[in-house]
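This report is written for a reader meeting the structure for the first time. Please look over the sequence and the model before reading on.

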Amino acid sequence: MRHTASIRLVLATALLVGGGCSTAPATRGNVERIYLNGDILTMAGPQPAYVEALAVDGGKIVFAGDADSAMKLTSSATEVIDLEGKTLLPGFIDTHGHMFYFGKNLVDADLFGSKDIADVIGRMKAQISRIPADSWIVGFGYSAKAMTEKRTPTRAELDTVSADRPVMIVDSSGHLGAGNSALFRATGVSAATPDPQGGNFSRQPGSTELLGPMEETALNMVRSQRPAFTGELADKVAINGAAAWASYGQTTAQDCGVGLGTDDIDIVRNAIDKKLLPIDVYICAKDSATDNTVNAAYAVSADYNPKPGAVAAKLLAARPDLDKRYINRVRLGGIKFWLDGSVDTAWFTQPYATNPPGKSGVYTGFRQISDETLNAAFDKYWTTDMQLNMHMNGDAAADQALHAIDLAISKYGMRDHRPVFIHASYLRPDQIAHMKAVGAVPSFLMGSLTSAGDAVSLFWGADRAAHAAAANTFVREGMPFTISHDAPVSPLPAVIPLIDAAVNRVSASGKVMGPDERISPYDGLRAVTSMAAYQIHEEGTKGTLETGKLADLVILDKNPLKVPPLTIRTIRVMETIKEGKTVYKLSATATSTTPGA
Ligand SMILES: [Zn+2]
């Protein structure tokens, strides 16, 4: 792995010139800003701890403690912010989402809440006037289950949107979609095309003729050929995506799957070069695009880092804060693998309790990749700084991951790698113990799982549903875990609804799903702050309000620890602050910003 080694060498050089985390307290009369008169919750430690005042200077927290001591740090130039009883927390950290992908969707037709197929077709026709004449007509976010017809639109129906321009729709899970005739022509898919491993194209009964719908890897085969977002469109993807994340209190976003689109790397590079991002973004390379992404990261590092013996000015200008792994707010953190599907395609060791529609016989879901592929990835990356992130919902997928980790440990020994089990929806008790031994961290898809809780109970059965997203088991075991929205799988990159879901676990029909796995609001907040920082190896600079860390902050209108749990979802993000600078503020005229509120 020449490139990985090179990146690590460059980053090591960067660390040498960069300086470390300062813990020296601010001296008298020089701080830029002080926050007072609110609930300032530090998130340090397993129990809630408050301070009276927080002082910020140079993008860092320089004091967290009593108000009298804080006031001694002020001068006439210091801005003293009266929180007026609001709650100040560390900025939220996204532990699994797709910011650039979401940014692209902001360009596409919004199909969320489509009532029926006519509604989808109408929205897709309206999209034509919003986009350049040579681009694909793409829509995102419908749910076949939620529409009157309970099915995905067909090729013939999508041909009514356009006969000659490619039309593609993708459902809210991102795993299913459909295309028109022009889309299949443009991407070289025909009746003669075999289904790829791990996916399928729907066919006319009794023939191979394409019906239009496509699942999993078949959808990826088509979607990956979408023409590039370039120029102003590429800028918009980054700017609008980051703005959306910041509006929900996040100061660190994630795009775990860069490479889903062939233009992703260019979009990220464009954001780096034009300094478009107001918040940090941790990116993972999609498995099949890893080499390209690593090569691109190497090129960025080479451009932004000093040659041996040269002046470090360009690097330091690129990253003014404490963590030199970031360049203009982007850090290549890891690689993403998909091991199975979602609610009706999760890969289990035991059969589904009720087969999902269209599945017959003894059905245990789908595996997405071979053991050899995953084992090879761990063999290659276990000892590097490239963190392995694995999408999994069923326990057979978790077994596959644990086996690959065991092989790497037996060969290279234990490392502080922190492999991420994305979603980890159903884990057996023996697997949780195994995760503790190997240091794996789950990032539960809390909001979507509980809102889909009725389908989860039906397909997986009551027992697996009750133990799904087993957050409280992790609390009891003293193990780190996080919660994530996976936007655009959740329609919005909102954090407060995740805490609501983890605390209340109420399904769409109003049932409490697995009451024993409900957690306290404080543990819910830890899962998006301190434990989230731990998951991404950034606990040295983020996740708590402590002297020396980055001044990444969020202000909420109410304290989640002091409201009735069922009202947590109505709490609003008032302001988001990245390294001391406001990157989002709720406008005085806005009545509601959070989805869920
Ligand atoms: Zn995802």
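Throughout this report, a residue is called buried when its relative accessible area is under 20%, exposed when it is over 50%, and partly exposed in between, as calculated with a 1.4 Å probe on the protein chains only. Helices (H or I, at least four residues) and strands (E, at least two) are DSSP runs, numbered from the N terminus. The model is a predicted one, in which local features need pLDDT of at least 70 and side-chain atom pairs count only at pLDDT 80 or more, while totals for chains, interfaces and linings use all residues. Residues are numbered from 1 along each chain as its sequence is written, and side-chain values use heavy atoms, with hydrogens and water left out.

**Helix 3 and its crossing with helix 8**

By this measure helix 3 is mostly covered, since eight of its nine residues are buried. The buried residues of helix 3 are M99, F100, Y101, F102, G103, K104, N105 and V107.

The axes of helix 3 and helix 8 (residues 231-247) come within 7 Å and cross at roughly 110 degrees; such axes are lines fitted to C-alpha atoms, for helices over the stretch in contact, and the angles run from 0 to 180 degrees between N-to-C directions. The two helices, helix 3 and helix 8, are therefore roughly perpendicular to each other, on a scale where angles under 35 degrees count as roughly parallel, over 145 as roughly antiparallel, 65 to 115 as roughly perpendicular and the rest as oblique. On the side of helix 3, the contact (heavy atoms within 4.5 Å) is made by M99, F100, F102, G103, K104, L106 and V107. Helix 8 contributes L233, V237, A238, N240, G241, A242, A244 and W245. The residues of this contact between helix 3 and helix 8 divide into eleven nonpolar, three polar and one charged, where Ala, Val, Leu, Ile, Met, Phe, Trp, Tyr, Cys and Pro count as nonpolar, Asp, Glu, Lys and Arg as charged, and the others, Gly among them, as polar.

**The zinc site**

Which residues hold the zinc ion as protein donors? They are H96 (NE2), H98 (NE2) and D486 (OD), lying 2.1 Å from the ion; donors are N, O and S atoms within 2.8 Å of the metal (3.2 Å for Na, K and Ca), and water is not among the atoms, so sites may look incomplete. In sequence, the donor residues of the zinc ion follow the spacing H-x1-H-x387-D. H96 lies in the loop between strand 6 (92-93) and helix 3 (99-107), and D486 in the loop between strand 19 (482-483) and helix 19 (496-504), so the pair ties together parts that are 390 residues apart in sequence. H96 counts as buried at 1% relative accessibility, and D486 counts as buried at 4%.

**Helix 19 and the loop before it**

The loop between strand 19 and helix 19 also holds P488, and a cis peptide bond, with omega about 10 degrees, joins A487 and P488. Helix 19 itself is mostly covered, with nine of its nine residues buried. These buried residues of helix 19 pack against strand 6, helix 15 (446-451), strand 19, helix 20 (521-526) and strand 20 (553-556). After helix 19 comes R505, whose phi is positive, near 50 degrees.

**Two loop residues with positive phi**

Most residues other than glycine have a negative phi, and most peptide bonds are trans. The table gives two residues with a positive phi.

| Residue | Phi | Place | Relative accessible area |
|---|---|---|---|
| E84 | about 50 degrees | loop between strand 4 (79-82) and strand 5 (87-90) | 63%, exposed |
| H537 | near 60 degrees | loop between helix 21 (530-535) and strand 20 | 22%, partly exposed |

**Helix 9, helix 10 and a residue of strand 2**

Helix 9 (residues 264-273) and helix 10 (residues 290-304) pack at an angle of about 15 degrees, with their axes 11 Å apart. That angle makes helix 9 roughly parallel to helix 10. The contact is made by I265, R269, I272 and D273 of helix 9, together with N292, T293, A296, A299, V300, D303 and Y304 of helix 10. The residues of the contact of helix 9 with helix 10 divide into six nonpolar, two polar and three charged.

A53 lies in strand 2 (residues 50-57) and is buried, with a relative accessible area of 0%. Not counting residues up to four places away in sequence, A53 touches I34, Y35, L36, I40, F63, A64, G65, D66, A67 and A70. The C-alpha atoms of A53 and F100 are separated by 36 Å, the two residues being 47 residues apart along the chain.
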